[in-house]
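Visitor: I'm new to this one and I'd like a close look at a single part of it. Could you start with one residue and work outwards from there?

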Amino acid sequence: MQVEITREYIEQVEEAIERQDREFILSTMDEMHPADIITVLYELDANESRYVLDQLPAEIGAEILSDLDNDIRSEFLDKFTSEEIARYINLMHSDDAVDILNEQSVQRREEVIAHIDNNEQAAAILDLLHYEEDCAGGLMAKELIKVNLNWRVRQCIEEVRRQAERVARIYTVYVVDDRDKLLGRVSVKRLLLSKDDTQVKDIYSEDVIWIESYKSENEVVNMMQRYDLEAIPVVNIQGRLLGRITIDDVVDVMQEQAELSRQLMTGITENVEEDDSVLRISRARLPWLIIGMVGGLLAAHFMGFYEDDIALLPAIALFVPLITATGGNVGIQSSSIIIQTLSSNEVMFDNIAQRMLKVFLVALLNAFIISILVFSATYLFKQDFTLAMVVSVALFSVVMLASLMGTITPMILDRFGINPAVAAGPFITTANDLLGLAIYFGVAHLLYSL
């Protein structure tokens, strides 16, 4: 039966666990998607989650463990013995199994591997453990379907049937030679439509995109996005087929990258989550808050140089928030576009003149429109032509400068191998505040002294 996950249902699950009501757990979760079961488990403690998982089929349990949040999974698996973990590892794809084992201590990892009774699975896991987590080898799974160049279609179909038992999604069939070197691919449809005695070398396509095992996860993401791939084969230096990376693994990497970039752009220096400790969250936020505070103190100190001008014309102080906010917003907009371009590995420095011209024209148009609007509004409410000129000229200059800074700063940082996301948020905002105030008070002092 279809069950809606509500607070009431969670309470019913908790009561069922307390009275050891296995029938309720099975009957309500029998047709529930593993992702929905995970939602329920997030509302339970580790012991309660353990009881629920014990009642479900092992295949469902393995899928749930694969998709659990890392921190929660680590806490959850502390309740299991190494042999119990191995029972689920046996049923997982090799890449998911390695992800879980990498979260365990070295001793626990060795104990789990020792209890894996599937020799083929154990060999695949041991092979993948050699790779770093953030490279193509660390992302790939060993499960794939491959056929030999010299085989006939009849033999290939039998092999596809055999290998398909451990491959959840069949995107393509890879063609290799006697040394397992990747040569190309052949579609299942082509195999089915070909005559039984046709050799693979007569029907396969050499048009295959692959990636080396040592390439970074960013390169994997960029390649799969560029060529719109659902899966990509992974080879070693000699071109030998090692495994494949599927789109679900790449989506996970993309989500992690987007979350990290978002945190960096908002001034969080570490990858933190809501359920992390107070100390860890504070440590991640403090650096940029301190930089922002220092920037604010410098801005206040800078305004002190123009104390006499503010005393003679207090109205100019009213527009300080407008100047700083506009400069910060323009800088963030410009940097966000550049960071997005840099993250997609587009070539920027080959046509930098054309790009900078476009940035200049966009900034010029925006600055002109904003300055006209501000001039009109200021003159309408204050009836002071000089004040309106000061604010509009200063704002025009701030928009132009902030656009330039927001564009150039990430490009310079990227050129020196520094993550350009750190240039956004508090850094550019603070820098634009100081420069914006310098321009504003400089223009005010100049025009009012004329």
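In which helix is Asp252 found?

Guide: Asp252 is found in helix 15. Before going on, some ground rules: this is a predicted model, where local features need pLDDT of at least 70 and side-chain atom pairs count only at pLDDT 80 or more, while totals for chains, interfaces and linings use all residues. Residues are numbered from 1 along each chain as its sequence is written, and side-chain values use heavy atoms, with hydrogens and water left out.

Helices here are DSSP runs of H or I with at least four residues, strands are E runs of at least two, and both are numbered from the N terminus. Asp252 itself is partly exposed, with a relative accessible area of 40%. That label sits between buried (under 20%) and exposed (over 50%), using a 1.4 Å probe and protein chains only.

Asp252 also has company: together with Glu63, Asp67, Asp248 and Glu256, Asp252 forms a negative surface patch. Patches take residues with over 30% relative accessible area and no salt bridge, joining like charges within 9 Å and nonpolar side chains (Val, Leu, Ile, Met, Phe, Trp, Tyr) within 5 Å. The areas come from the Shrake-Rupley method with a 1.4 Å probe, and for residues only the protein chains shown count as cover. Asp and Glu count as negative, Lys and Arg as positive, and His and the chain ends are not counted. Each charge is placed at CG of Asp, CD of Glu, NZ of Lys or CZ of Arg. Helix 5 (58-67) and helix 15 (247-265) each give two or more residues to the negative patch, and helix 15 gives the most, with three.

Patches leave out salt-bridged residues, so let's look at those bridges too. Side chains of opposite charge can pair when their charged atoms come close. A salt bridge here means a side-chain nitrogen of Lys or Arg within 4 Å of a carboxyl oxygen of Asp or Glu, and the count comes to 13. One of them joins Arg162 and Glu159, with the closest N and O atoms 2.7 Å apart. Because Arg162 and Glu159 are three residues apart in helix 12 (residues 153-163), about one helical turn separates them. Arg162 is partly exposed at 49% relative accessibility, whereas Glu159 is buried at 15%.

Another bridge links Arg19 to Asp21, the closest N and O atoms being 3.3 Å apart; Asp21 is partly exposed at 22%. Glu219 and Lys215 also pair up, with 3.8 Å between the closest N and O atoms. Both count as partly exposed, Glu219 at 32% and Lys215 at 23%. Elsewhere, bridges with shared partners tie Arg7, Glu11, Glu14 and Glu43 into one network.

For a patch of another kind, try Leu286, Leu289, Ile290, Met293, Val294, Leu297 and Leu298, which make a nonpolar surface patch of about 660 Å². Leu298 sits in helix 16 (residues 278-304) and is partly exposed at 45%.

Finally, the unreviewed UniProt entry lists transmembrane regions, including residues 286-306, 359-381 and 387-409. UniProt positions use the numbering here, feature names are shortened, and annotations may be inferred rather than shown by experiment. In the model, residues 359-381 are 100% helix, with end C-alpha atoms 33 Å apart, and residues 387-409 are 100% helix, with 32 Å between the end C-alpha atoms.
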